[in-house]
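Colleague: I should like to go through this model with you, helix by helix. May I put my questions in turn?

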Amino acid sequence: MMKNKNIVELKNLIFIGFLPVLIFNFGNLSNYFYQMIAARIMNFENFGLFNEFNVYLVTILSPFVSLPLLISKFVTEYDQNNNSNSFFIFIKNKISKLSFFYLGITFVIFYFYTYENSFEKLIAIIITLINSFLSIYVTIFYAYLNGKKNYLFFSIATASPLLLKLIFLLIIFIFFKNIVFYIALITTTMGILLTLLILKLKI
């Protein structure tokens, strides 16, 4: 009996403690290499614009910073009454509609603030807003997994966009060599989209 208990505790330590942290740090390492490689394969101007629009992305997402904690909290509470799945569907639909409205207003402000008769910048604005919506949407899935205490899958899901955008950046560089800033922004879009596809198949 004691042996079985020790085995269970060891499994919990590995799958709840060690592996999620390892995977999460692997995602951070992927992001570090992504930034380093992006700096090498883009010229100074393009890399500066790439970072500028990434700052815009962070700024746009700032009102939603506490969203994962709130959703996780409610998912945990609803899970006790076996209503977490219906709550997840409800909150996903409501937040999606809210974020569309929010990003619509943001686009108008963003457009007049950054647009300088540059078609490339207009493309970058649109890509940044798409990335903002996808980031908000995928956060709902992350919060759901965290609320369900599925820490291993949660760590895989949060690390995968970081790894995938690195892979996509390398693929684009291999085939096209010369990368402009808005093409680099698309790698984030592709990473989140593929992660969402996996999450929608699993949840």
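Colleague: At roughly what angle do the axes of α5 and α6 cross?

Modeller: Please bear in mind that this is a predicted model. The axes of α5 and α6 come within 8 Å of each other. Their crossing angle is roughly 160°.

Colleague: Is α5 roughly parallel or roughly antiparallel to α6?

Modeller: The axes cross at roughly 160°, and angles over 145 degrees count as roughly antiparallel. The crossing itself is left-handed. The angle therefore makes α5, relative to α6, roughly antiparallel.

Colleague: Which residues of α5 make the contact with α6, and how many residues of the contact are charged?

Modeller: On the α6 side the contact is made by Tyr 151, Phe 153, Phe 154, Ala 157, Thr 158 and Pro 161. From α5 come Tyr 142, Leu 145 and Asn 146. By class there are seven nonpolar and two polar residues, and the number of charged residues is none.

Colleague: Which residue in the loop between α5 and α6 has a positive phi?

Modeller: The loop in question lies between α5 (119-147) and α6. A residue placed there has phi near 65°, a positive value in a residue other than glycine. That residue is Lys 149.

Colleague: How are α6 and α7 oriented towards each other?

Modeller: The two helices pack with their axes 8 Å apart, at an angle of about 140°. The crossing of α6 and α7 is right-handed. An angle of about 140° is not over 145 degrees, the cut-off for roughly antiparallel. The helices are therefore described as oblique.

Colleague: How many nonpolar residues does the contact of α6 with α7 have?

Modeller: The α6 side of this contact includes Phe 153, Ala 157, Leu 164 and Phe 168, and the α7 side includes Ala 184, Thr 187, Gly 191 and Leu 194. By class, five residues of the contact are polar and two are charged. The number of nonpolar residues is 13.

Colleague: Is Gly 191 buried or exposed?

Modeller: Gly 191 is placed in helix α7. Leaving aside neighbours within four places in sequence, Gly 191 is in contact with Pro 161, Leu 164, Lys 165 and Phe 168. Its relative accessibility is 0%, and therefore Gly 191 counts as buried.

Colleague: What distance separates the C-alpha atoms of Gly 191 and Leu 164?

Modeller: Along the chain these two residues are 27 residues apart. Both belong to the contact of α6 with α7, Leu 164 on the α6 side and Gly 191 on the α7 side. Their C-alpha atoms are separated by 4.8 Å.

Colleague: With which residues is Leu 166 in contact, leaving aside its neighbours within four places in sequence?

Modeller: Leu 166 is placed in helix α6 and, at 10% relative accessibility, counts as buried. The C-alpha atoms of Leu 166 and Ile 37 are separated by 8.6 Å, although the two are 129 residues apart along the chain. The contacts of Leu 166 are Ser 30, Phe 33, Tyr 34 and Ile 37.

Colleague: Is α2 oblique or roughly parallel to α7?

Modeller: Helix α2 (residues 44-61) and helix α7 (residues 181-202) pack with their axes 8 Å apart, at an angle of about 40°. Roughly parallel would require an angle under 35 degrees. The angle therefore makes α2, relative to α7, oblique.

Colleague: Which residues of α7 make the contact with α2?

Modeller: From α2 come Asn 46, Leu 49, Phe 50, Phe 53 and Asn 54. The residues of this contact divide into six nonpolar, two polar and no charged. On the α7 side they are Phe 181, Ala 184 and Leu 185.

Colleague: What is the relative accessible area of Lys 92?

Modeller: Lys 92 is found in helix α4. Not counting residues up to four places away in sequence, Lys 92 touches Tyr 137, Ile 140, Phe 141 and Lys 200. Lys 92 is buried, and the value is 13%.

Colleague: In which helix is confidence lowest?

Modeller: The protein has a mean pLDDT of 82. Confidence is highest in helix α6 (residues 151-176), at 91. Where pLDDT is low, predicted coordinates should not be read in detail. The lowest mean, 75, belongs to helix α4.

How values were computed:
Residues numbered from 1 in each chain as written. Predicted model: local features only at pLDDT ≥ 70, side-chain atom pairs only at ≥ 80, totals over all residues. Heavy atoms only, no water. Axes fitted to C-alpha atoms, helices over the stretch in contact; angles between N-to-C directions. Helix = DSSP H or I, 4+ residues; strand = E, 2+ residues; numbered from the N terminus. Parallel < 35°, antiparallel > 145°, perpendicular 65-115°, else oblique. Contact = heavy atoms within 4.5 Å. Nonpolar A, V, L, I, M, F, W, Y, C, P; charged D, E, K, R; others polar. Buried < 20%, exposed > 50% of the residue type's maximum accessible area, 1.4 Å probe, protein only. pLDDT = per-residue confidence, 0-100. Left-handed = near helix turned anticlockwise from the far one by under 90°.
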